[in-house]
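Please open the structure in your viewer and keep the sequence at hand. The tour proceeds by selections, each followed by a description of what is found there.

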Amino acid sequence: MPWEDIKLNDGRKIPGISYGTSRHSGDTVSTVDAAIHAGFDSLDTAQIYRSEGAVGQAIKQSGIPRNDLWITTKWSGLKSAKESIHDSLENLGVDYVDLYLIHFPAVAKGDIPSAWGHLEDFKKAGYAKSIGVSNFEITHLKELLYHAKIKPSVNQIPFHPNILAKQEPLVKYLQEHNIAVEGYSPLAPLWQDGGNAPVLKAVKKIAEDHEVPEERVLLAWTRAKGVIPVTSSSTKSRIESFIAAGDLRLSDEEVKTIDKAGYKASRNADLKQRIVTGAKWVVAAGLVTYIAVSRMT
């Protein structure tokens, strides 16, 4: 399939799309098995998802050799780093994971250098072939990079057109430091937006032009922005559609059209937030005035 592998800064190659197991309805084992057989060779889980056991079972029953799959999991802070990596390996039924991430900065409990040191130890011990972070902002990354002996290979962040304006500086920073970007929730506009929302309107038009489902356009856009999509579904036809999205290449103009729609969506969201905040202040001021007048009478 044409989802090309992406070379990481440690020399290894990560698949160009990943199947996430953070949330979906139905039997996790069967949906992961469907994803594997549809062509997903990268599976993403985490300690906090409680899906590692199901992923491990699906891998085992798939019959696909361990070396043909890329397995990502995350230290979510439920236990110590050492306990967590060993629990994850046992749950997954493997001797190592391809990518181990600190799930979010709070896991470090205010000490990012020490937390990252545990992952460096896991890489040296062979428990994780590559290491990285998730949900880290630029400030967290600067602190990590200042102390790190091994640079993180990946930062996994939320990424879709509606939040392009917010995430663009972070993506640029990561790319400048040769840290691969994985983007989760790439299809969020499909369930967040109404029919006339800027992004969904643009995506629908491009999907019609190419005669493909809308999710393929969003995945193709994500790849065009240099981000590896992490997506999920419990429906076999949609899982297969995600893989088929690798065949779709958007023109520069189509990418820019979605970018512009994303910027507009961000401006609309900011304006709505300011209106809501302003209304709350007006109501609060009115209440204070009413109380003050009541006490005077």
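Begin by selecting glutamate 120 in this predicted model. Glutamate 120 is buried yet takes part in no salt bridge. The nearest side chain of opposite charge belongs to lysine 149, 4.9 Å away; a salt bridge would require a nitrogen within 4 Å of a carboxyl oxygen. Glutamate 120 is part of helix α4, which covers residues 112–125.

Next, display the surroundings of glutamate 120. Leaving aside residues up to four places away in sequence, glutamate 120 touches Ile131, Ala148, Lys149 and Ile150. Which backbone atom lies 2.7 Å from a polar atom of the glutamate 120 side chain? It is the backbone nitrogen of isoleucine 150.

Now turn to the strands. Select β3 to β10 in order: β3-β4-β5-β6-β7-β8-β9-β10 form a closed barrel of eight strands with parallel pairing. From one strand to the next, the twist averages 30 degrees. Within this barrel, select strand β3 (residues 18–20) and strand β4 (residues 42–44), which run parallel and are joined by two bridges. Glycine 20 stands opposite aspartate 44 in β4.

Keep aspartate 44 selected and add lysine 74. Their side chains meet in a salt bridge, with 2.6 Å from N to O. This pair links distant parts of the chain, since lysine 74 is in strand β5 (residues 70–75) and aspartate 44 in strand β4, 30 residues apart. Are these two residues buried or exposed? Lysine 74 counts as buried because its relative accessibility is 0%, and aspartate 44 counts as buried because its value is 2%; the cut-off for buried is under 20%.

The next selection is arginine 66 with aspartate 98. Their side chains form a salt bridge of 2.9 Å, N to O. Arginine 66 lies in the loop between α2 (52–62) and β5, and aspartate 98 in strand β6 (residues 97–102), so the pair ties together parts that are 32 residues apart in sequence. Both residues are buried. Add Arg12 to the selection: Arg12, Arg66 and Asp98 are linked in a network of salt bridges.

Finally, select aspartate 259 and lysine 225, which form a salt bridge whose closest N and O atoms are 2.9 Å apart. Aspartate 259 lies in helix α11 (residues 252–296) and lysine 225 in the loop between α9 (214–224) and β10 (227–231), so this pair ties together parts that are 34 residues apart in sequence. Aspartate 259 and lysine 225 are both buried. In the whole structure, a search finds eleven salt bridges.

Methods:
Residues are numbered from 1 along each chain as its sequence is written. This is a predicted model: local features need pLDDT of at least 70, side-chain atom pairs count only at pLDDT 80 or more; totals for chains, interfaces and linings use all residues. Side-chain values use heavy atoms; hydrogens and water are left out. Two strands pair if DSSP finds at least two bridges between them. Helices (H or I, at least four residues) and strands (E, at least two) are DSSP runs, numbered from the N terminus. Axes are lines fitted to C-alpha atoms, for helices over the stretch in contact, and angles run from 0 to 180 degrees between N-to-C directions. Buried means under 20% relative accessible area, exposed over 50%, partly exposed in between (1.4 Å probe, protein chains only). Lys and Arg count as positive and Asp and Glu as negative; His and the chain ends are not counted. A polar contact is a pair of N or O atoms within 3.5 Å; within protein, one must be able to donate a hydrogen and the other to accept it, and residues adjacent in sequence count only if both atoms are side-chain atoms. Contact means heavy atoms within 4.5 Å.
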